[in-house]
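User: Please explain the terms used for this model by setting values against their cut-offs.

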Amino acid sequence: MKKTLLVTVTVLSMLAKVQAQQSNTQVGAEKFKPTNESLKQYQYPDWFRDAKFGIWSHWGPQAVPRQGDWYARHMYVQGSGQNKYHVEHYGTPSKFGYKDIIPLWKAEKWNPEQLMALYKKAGAKYFVSMGSHHDMFFLWNSKIHRWNSVKMGPHKDVVGLWQKAAKKEGLRFGVSEHLAASFNWFQPSHGSDKTGQFAGVPYDGHDPQYSDLYHLPADSSDIKEWLTNNPGWHKKWSEYVTELIDNYHPDLLYSDSKLPFEDYGRKVVAHYYNQDIAKNKGKLEAVYTPKEPSEGKWAQDVERGVLDSISPFPWQTDTSIGDWYYRTGQRYKNANEIAQLLVDIVSKNGNLLINVVQTPEGDLEPDVTKIVTEIGEWTKTYGEGIYATRPWKVYGEGPSTIKSNQKRGDFGGLTDTRDYDASDIRYTTKGNDLFAFCLNVPQGDIEMKLLGKNSKYLTKAISSVSLLGSKQKLSWEQREGSLVIKKPANYPAWKVTGFKISFKK
């Protein structure tokens with residue numbers, strides 16, 4: 001009898017423990033509801049706040065023609081440069097459409113492990129893979145969409161292989177989805193030439209058997225908006241992005257739009273956060289980056305632009321070293337320009353996510369490899385003033401901080417491409433140290449006007465000033481109105497140099 005009672009008590013105890021665990025899991029899984037107020041519970045993970053720099057692979061079948069971004073759309077716009085190229089090299093889109101470009105993408109020179117090792121050496125702390133562009137071709141092993149890179153093209157799980165390589169190198173991993181805009185973006189594929197030999201002959205997107213790639217024709221003639229009002233597509237988008245999340249559980253999810261489709265979008269984001277909490281045993285590590293002010297719900301992303309001041313919430317710039325997709329003869333940002341951009345962003349509480357342009361085959365051109373390698377040399381020297389830093393009381397000084405000198409970006413904020421003066425300074429801080437970056441090479445002494453003895457931003461006198469990455473002793477003086485550093489004879493060759501400033505206790 002005692003033995004039976006003991007077994008019963010033990011079983012009941014185990015059941016109670018399991019029920020408690022299930023209850024805890026359920027509570028954790030339901031922390032975020034699909035409402036704005038619930039999403040404002042979000043707390044930015046330290047890894048993202050400390051990372052500052054990520055690299056993106058904006059890559060897929062659209063790289064094949066070597067004609068740059070938006071090829072899958074513009075090949076159906078008669079008279080456009082990409083349409084002319086397509087007709088000349090492949091024939092009319094009425095016979096040879098985007099579906100026929102997809103098998104030409106083989107990715108035969110792609111070595112994700114080799115590239116990831118290079119990106120880690122460059123100083124990237126996270127890596128983002130394209131999930132799907134507006135072209136509706138998925139780079140993941142989808143069970144609900146046949147147009148994917150496992151069944152077609154390279155016959156590889158591109159997202160999965162990138163993720164494996166990132167994990168090996170200790171980098172956080174993200175995915176980008178550009179699907180929300182796809183319905184409207186791809187509508188030209190349903191048209192036809194207006195003039196010429198094939199005038200009136202429907203493009204291949206008109207064929208119903210390919211509607212899962214090109215979508216159904218829009219119900220309304222008004223398809224100028226970035227996001228469609230089509231409710232069927234809202235549901236499809238939700239299903240596709242949820243599959244991407246559940247298959248790979250990424251640390252970061254990027255949407256190439258504002259939060260898509262109201263309730264559908266909030267449900268996806270709540271699910272993304274909740275599944276991440278479950279994955280990390282109660283700790284939220286996920287970061288969502290749509291192109292919309294966050295109010296604390298996510299990390300705002302600014303395409304090809306930067307914010308004009310310090311944001312109370314961590315945010316991200318997404319940009320590219322060149323065109324988004326490979327284009328023959330394109331100009332690339334050099335390492336100095338990227339360093340200027342990175343420092344400006346970090347001083348304002350942001351991260352830089354930069355696309356490194358891959359060839360259709362999947363490797364990098366020698367000049368791109370050189371740029372990435374040089375970025376690594378810069379981050380190795382000056383990373384102390386970048387990684388795990390926080391904004392100072394003021395992000396900077398100099399001509400670039402004056403509003404009348406600033407140019408607005410195409411997608412919000414300020415443009416991410418600009419010239420800097422030698423007197424343009426950006427500040428970051430870590431612990432008790434302040435870091436000051438000069439954004440161009442000074443001709444004479446370096447003057448920091450915010451760091452004088454009379455500065456309203458300082459409470460302690462400066463005790464030491466050193467040049468990051470150098471052991472040489474600097475000559476400096478804290479005057480009433482500024483900190484003046486005598487330019488050393490062997491000043492670094494970089495345009496962007498950083499100084500570490502310590503204070504008396």
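Analyst: Buried means under 20% relative accessible area, exposed means over 50%, and partly exposed lies in between, with a 1.4 Å probe and protein chains only. The model is predicted, so local features need pLDDT of at least 70 and side-chain atom pairs count only at pLDDT 80 or more, while totals for chains, interfaces and linings use all residues. Residues are numbered from 1 along each chain as its sequence is written, and side-chain values use heavy atoms, with hydrogens and water left out.

User: Why is Thr 92 called buried or exposed, and where does Thr 92 lie?

Analyst: Thr 92 has 7% relative accessibility, which is under 20%, so Thr 92 counts as buried. Thr 92 is placed in the loop between helix H5 (81-89) and helix H6 (98-101); helices (H or I, at least four residues) and strands (E, at least two) are DSSP runs numbered from the N terminus. Contact means heavy atoms within 4.5 Å; leaving aside neighbours within four places in sequence, Thr 92 is in contact with Val 87, Asp 193 and Phe 198.

User: What makes the pair of Phe 48 and Tyr 126 stacked, tilted or edge-to-face?

Analyst: A pair of aromatic rings is described by the distance of the centres and the angle of the planes. Rings of Phe, Tyr and Trp (its six-membered ring) pair if their centres lie within 6.5 Å; planes under 30 degrees apart are stacked, over 60 edge-to-face, and the rest tilted. By this rule there are 34 aromatic pairs. For Phe 48 and Tyr 126 the centres are 6.0 Å apart and the planes at 55°, so the pair is tilted. Phe 48 belongs to helix H3 (residues 46-51) and Tyr 126 to strand S2 (residues 126-132), so this pair ties together parts 78 residues apart in sequence. Phe 48, at 0% relative accessibility, is buried, and Tyr 126, at 1%, is buried as well.

User: Why is the pair of Tyr 119 and Phe 127 given its class?

Analyst: The ring centres of Tyr 119 and Phe 127 are 5.9 Å apart and the planes stand at 15°, so the pair is stacked. Tyr 119 and Phe 127 are both buried.

User: How do you know that Lys 125 sits over a ring?

Analyst: The rule asks for NZ of Lys or CZ of Arg within 6 Å of the ring centre and within 35 degrees of the ring normal. The charged end of Lys 125 is 4.6 Å from the centre of the ring of Tyr 387 and sits over that ring. The charged end of Lys 348 likewise sits over the ring of Tyr 395, 4.6 Å from its centre.

User: What makes S14 and S17 a strand pair?

Analyst: Two strands pair if DSSP finds at least two bridges between them; three bridges join S14 to strand S17 (residues 483-485), so the two pair, and they run antiparallel. Ile 446 has Ile 485 in S17 as its bridge partner. The open sheet of three strands has the order S14-S17-S16 with antiparallel pairing. Strand S14 (446-448) and strand S16 (476-478) are its edge strands, since each pairs on one side only.

User: Which of the words buried, partly exposed and exposed apply to Lys 52 and Arg 66?

Analyst: Lys 52, in the loop between H3 and strand S1 (53-57), has 1% relative accessibility and therefore counts as buried. Arg 66, in the loop between S1 and helix H4 (71-74), has a relative accessible area of 26% and is therefore partly exposed. Neither residue is a glycine, yet phi is positive: near 70° for Lys 52 and about 60° for Arg 66.
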